[in-house]
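Reader: Show me the model, please, and be ready to back up whatever you call things.

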Amino acid sequence: MNQKAHPPHAAWMLLEPGSDNPPPYSWALFLDVDGTLIEIADAPDAVHVDDRIGGLLERLRGRLGGALALASGRSLDVLDRFFSPLELPAAGLHGLQRRSADGSVSRADGASALGPARRELERFAAAHPGTLLEDKSATLALHYRRAAGAEAAARDVMEKIRSSLGSAYRVQEGKMVLELKPHRPNKRTVVEDFMEEEPFRGRVPVFIGDDITDEEGFAAAQSAGGAAIVVGLDAEAGRTSSAQYGLSGVRELHRWLGALCDRAADESP
């Protein structure tokens, strides 16, 4: 799984019988959510979650010996609502919230430190129709999908706030969203931390995501000898990715996950 090219190779290559790739049942699978498992919507609360995805993830988790985790900017509570009644190992808010495979949960509390930032961004959103502040308590995400003309102003206000908070915080870019969050944890440390515990330890990490926020997860998986799969890469928009493999979009990923589930079942020792 050490090849690398742009544009990415089709991820179906990873499932080809007789290839030199590690067998799927030996993988540890890390999945982003928005833009990967579910389509992005105009607003965070407007997404649609296909009822069949939860069942697919549950089957796949079984095929992988439990080594499947979500890695998302969403909170654990939102992830659980999306895939109810399934509760997977997961990193929410880019790792500020984390549920291990044994069910233990840790949550970082940064809400009080962001009080002044929260008020300033509320004023910004009120003054720029179409922008939306998503308050995740420990992080603050400013969406401008419905107000593309406000992007420059959004970047300016976010950088001003980040500077006032010091080096402990960063502005994480996403698809028409800017998120104020601590430097650590991030999706790289999410992968690294999960790989230190059972049932992930000793497996081959495979990270799947769609956005700039997932590049750190891609790097972690690839540096550990695994693979990265980018979903829906828009080359025409000028974006590149470090991922070696790609899939065209959410629907193709669903088909690929189904095939992965079948392959892991067929080849499991």
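Author: Let's start with a proline: proline 199 sits in the loop between H5 (187–194) and S11 (204–209), as the chain runs from one to the other. This is a predicted model, where local features need pLDDT of at least 70 and side-chain atom pairs count only at pLDDT 80 or more, while totals for chains, interfaces and linings use all residues. Residues are numbered from 1 along each chain as its sequence is written, and side-chain values use heavy atoms, with hydrogens and water left out.

Reader: What do the H and S labels stand for?

Author: They are DSSP runs, numbered from the N terminus: helices (H or I) have at least four residues and strands (E) at least two.

Reader: What kind of peptide bond joins glutamate 198 and proline 199?

Author: A cis one, with omega at about 5 degrees. Arginine 184 and proline 185 are joined by a cis bond too, with omega at about 0 degrees. Proline 185 is in the loop between S10 and H5. These bonds are worth pointing out because most peptide bonds are trans.

Reader: Why is leucine 93 called buried?

Author: Buried means under 20% relative accessible area, exposed means over 50%, and partly exposed is in between (1.4 Å probe, protein chains only). Leucine 93 has 0%, so it counts as buried. This leucine is in the loop between S4 (90–92) and S5 (97–99). It also has a positive phi of about 50 degrees, although it is not a glycine.

Reader: And why does methionine 176 count as partly exposed?

Author: Its relative accessibility is 27%, so it falls in the in-between class. Methionine 176 is in the loop between S9 and S10, and has a positive phi of about 60 degrees without being a glycine. Glutamate 159, in helix H4 (residues 151–165), gets that label as well, because its value is 37%.

Reader: How do you know that the buried residues of H1 line one face?

Author: First, the list: in H1 (residues 51–63), Ile53, Gly54, Leu56, Leu57 and Leu60 are buried. Seen down the helix axis, they fall within an arc of 165 degrees, so they line one face. That arc is taken from the directions from the helix axis to the C-beta atoms. On the face turned away from the buried side are the exposed residues Asp51, Arg52, Glu58 and Gly62.

Reader: What covers those buried residues of H1?

Author: The cover includes strand S2 (27–31), strand S3 (68–71), helix H2 (76–83) and helix H7 (250–267).

Reader: What makes a group of residues a nonpolar core?

Author: The members are buried Ala, Val, Leu, Ile, Met, Phe, Trp, Tyr and Cys residues joined through side-chain atoms within 4.5 Å. The largest core here has 40 residues, and Leu29, Phe83, Ile208, Trp256 and Leu257 touch the most other members. Elements giving two or more residues to this core include S2, H1, H2 and H7. Apart from it lies another core, of 18 residues, among them Phe30 and Met195.

Reader: What is tryptophan 256 in contact with?

Author: Contact means heavy atoms within 4.5 Å. Leaving aside neighbours within four places in sequence, tryptophan 256 has contacts including Trp12, Trp27, Ile208 and Leu247.

Reader: What makes an empty space a cavity rather than a pocket?

Author: On a 1 Å grid over the protein atoms alone, a cavity is a set of points where a 1.4 Å probe fits but cannot get out, and a pocket is an open set with protein on both sides within 12 Å along at least five of seven lines. Lining residues have an atom within 4 Å of a point. Grid points are joined across faces, edges and corners, and a volume is the space filled by probe spheres set on the points.

Reader: How many cavities of 30 Å³ or more does a search of the whole structure find?

Author: It finds 2. The largest holds about 430 Å³, and 26 residues line it, with Asp34, Ile40, His143, Val177 and Asp211 nearest its centre. The second largest holds about 50 Å³, and H2 supplies the largest share of its lining, 4 residues.

Reader: And how much space lies in the largest pocket?

Author: About 370 Å³. Its lining has 15 residues, including Asp50 and Arg251, and H7 gives the most, with 5.
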